Amino acid sequence: MSEPESDAIDAIERQWRRERPDLDLAAMVVFGRLGRLAVVTEREIEAVFFAHGLRRGEFDVLAALRRAGEPFELNPSALADTLMLSRAGMTGRLDRLESAGYVRRIADVGDRRAVRVALTDVGRELVDIVVTEHTANETRMLSALTAAECRELDRIAGKLLTALESGS
């Protein structure tokens, strides 16, 4: 298997090694690549959403409702918690999605003071189309890796994420 081509991070590393040979640059290189990957992949991922007139956050709401299963509804607080979003941020997203006809707010039968957010039929059709394209797009982006490399990348990323989120 051939070595990957040199990238912008390699050039930055060489410059730092020349200027500060005393520094351990291993972490900087890893996080530099992770940062570049985040920028490049986010652009590719958002292109799928934009093609369907959605923003990333709006897709996330539709996807959370779809994943909830029948009857594809949740209360706004549960949605906000699932998406790690403020209540105010959730309200804005719901307003946009409701005016587009993808969700509707309905009275909660268990508490008449509360509302639930329900995926409309049009919203469900849209999210099913978009999630199909989204997963195909992500699969395409990982096609430079073997299946074993994808599993190893997932394992390592999961380990790092767990450690960082737990404060380790």
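A search of the whole structure, which is a predicted model, identified 1 aromatic pair. This pair is formed by F49 and F59, whose rings are stacked, with a separation of 4.4 Å centre to centre and an angle of 20° between the planes. Because F49 belongs to helix α2 (residues 26-51) whereas F59 belongs to helix α3 (residues 56-67), the pair ties together parts of the chain that are 10 residues apart in sequence. Both partners of the stacked pair, F49 and F59, are buried.

With regard to annotation, an unreviewed UniProt entry places the feature "domain: HTH marR-type" at residues 27-162. Across residues 27-162, helix accounts for 69% of the chain and strand for 12%, and the C-alpha atoms at the two ends of this stretch lie 17 Å apart.

A further set of contacts centres on E73, a residue of strand β1, which spans residues 73-74. The relative accessibility of E73 is 18%, and this residue therefore counts as buried, the cut-off for that class being under 20% relative accessible area. The side chain of E73 is joined to the side chain of R116 by a polar contact of 3.0 Å. When residues up to four places away in sequence are not counted, E73 touches L65, A68 and I106, together with R116, V117 and A118. R116 thus appears both as the partner of E73 in the side-chain polar contact and among the residues that E73 touches.

Key
Residues are numbered from 1 along each chain as its sequence is written. This is a predicted model: local features need pLDDT of at least 70, side-chain atom pairs count only at pLDDT 80 or more; totals for chains, interfaces and linings use all residues. Side-chain values use heavy atoms; hydrogens and water are left out. Rings of Phe, Tyr and Trp (its six-membered ring) pair if their centres lie within 6.5 Å; planes under 30 degrees apart count as stacked, over 60 as edge-to-face and the rest as tilted. Helices (H or I, at least four residues) and strands (E, at least two) are DSSP runs, numbered from the N terminus. Buried means under 20% relative accessible area, exposed over 50%, partly exposed in between (1.4 Å probe, protein chains only). UniProt positions are given in the numbering used here, feature names are shortened, and annotations may be inferred rather than shown by experiment. A polar contact is a pair of N or O atoms within 3.5 Å; within protein, one must be able to donate a hydrogen and the other to accept it, and residues adjacent in sequence count only if both atoms are side-chain atoms. Contact means heavy atoms within 4.5 Å.
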